[in-house]
Amino acid sequence: MTAFSIAAEIGDFSRLPDARSFMSFVGLVPSESSSGESVSRGRITRTGNIHVRTLLVEAAWQHARPLRPTSAAAMGDAAGVPADVAEAAARANRRLHSRAAHLRGRGKPANVVSTAIARELAGFVWALARMAG
């Protein structure tokens with residue numbers, strides 16, 4: 001449902017030239033205050049598509065849980081997915097879980113970890129959408 005909702009909200013991913021622009025579109029980029037040589041980055045901007053941002057953050061909460069192997073039922077649901085896209089998604093899933101564990105291990109608050117994972121997930125979503133065409 002999440003993937004379908006994101007695809008429906010975004011529509012044509014080709015209008016977003018790179019992953020960074022997709023992250024910006026959903027408001028998962030840090031705010032910045034610059035003056036001369038001084039650059040200060042703050043919280044995420046939270047501008048853009050709130051529905052997609054919410055879906056990504058909620059999906060990111062799943063990476064706070066231990067990584068479990070994909071069930072046979074879930075693999076059956078992905079029957080029409082090309083093999084290269086399925087493998088890329090599996091690699092992204094493992095990477096996001098290890099990144100979340102790393103950030104939690106450094107003592108980051110749960111909301112910060114979730115937002116960081118949502119930002120990375122946005123990049124993977126953009127890449128997978130471009131792969132699938």
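The questions and answers below concern a predicted model.

Local features in the model need pLDDT of at least 70 and side-chain atom pairs count only at pLDDT 80 or more, while totals for chains, interfaces and linings use all residues. Residues are numbered from 1 along each chain as its sequence is written, and side-chain values use heavy atoms, with hydrogens and water left out.

Student: How many bridges join strand S1 to strand S2?
Tutor: Strands (E, at least two residues) and helices (H or I, at least four) are DSSP runs, numbered from the N terminus. Two strands pair if DSSP finds at least two bridges between them. S1 covers residues 30-35 and S2 residues 38-44, they run antiparallel, and the number of bridges is five.

Student: Which residue in the turn of the S1 and S2 hairpin has a positive phi?
Tutor: Next to this turn, Ser 34 stands opposite Val 39 in S2. Two residues lie between the strands, and the one with a phi of about 65° is Gly 36.

Student: What is the phi of Arg 46, and is the residue buried or exposed?
Tutor: Most residues other than glycine have a negative phi. Arg 46, in the loop between S2 and helix H3 (50-60), is not a glycine, yet its phi is positive, about 60°. Buried means under 20% relative accessible area, exposed over 50%, and partly exposed in between (1.4 Å probe, protein chains only). At 55%, Arg 46 is exposed.

Student: Which helix gives the most to the largest nonpolar core?
Tutor: A nonpolar core is a set of buried Ala, Val, Leu, Ile, Met, Phe, Trp, Tyr and Cys residues joined through side-chain atoms within 4.5 Å. The largest has 24 residues, and those with the most contacts inside it include Ile 6, Phe 13 and Leu 56. Helices H1 (2-10), H2 (19-25), H3, H5 (83-105) and H6 (110-132) each supply at least two residues of this core. With seven residues, the helix that gives the most is H6.

Student: What is the geometry of the Phe 13 and Phe 22 rings?
Tutor: Rings of Phe, Tyr and Trp (its six-membered ring) pair if their centres lie within 6.5 Å; planes under 30 degrees apart count as stacked, over 60 as edge-to-face and the rest as tilted. One aromatic pair meets this rule, and both Phe 13 and Phe 22 are buried. Their ring centres are 5.5 Å apart and their planes stand at 55°, so the pair is tilted.

Student: How far apart in space are Pro 66 and Ser 98?
Tutor: Pro 66 is in the loop between H3 and helix H4 (72-77), and is exposed at 64% relative accessibility. Pro 66 and Ser 98 are 32 residues apart in sequence, and their C-alpha to C-alpha distance is 9.7 Å.
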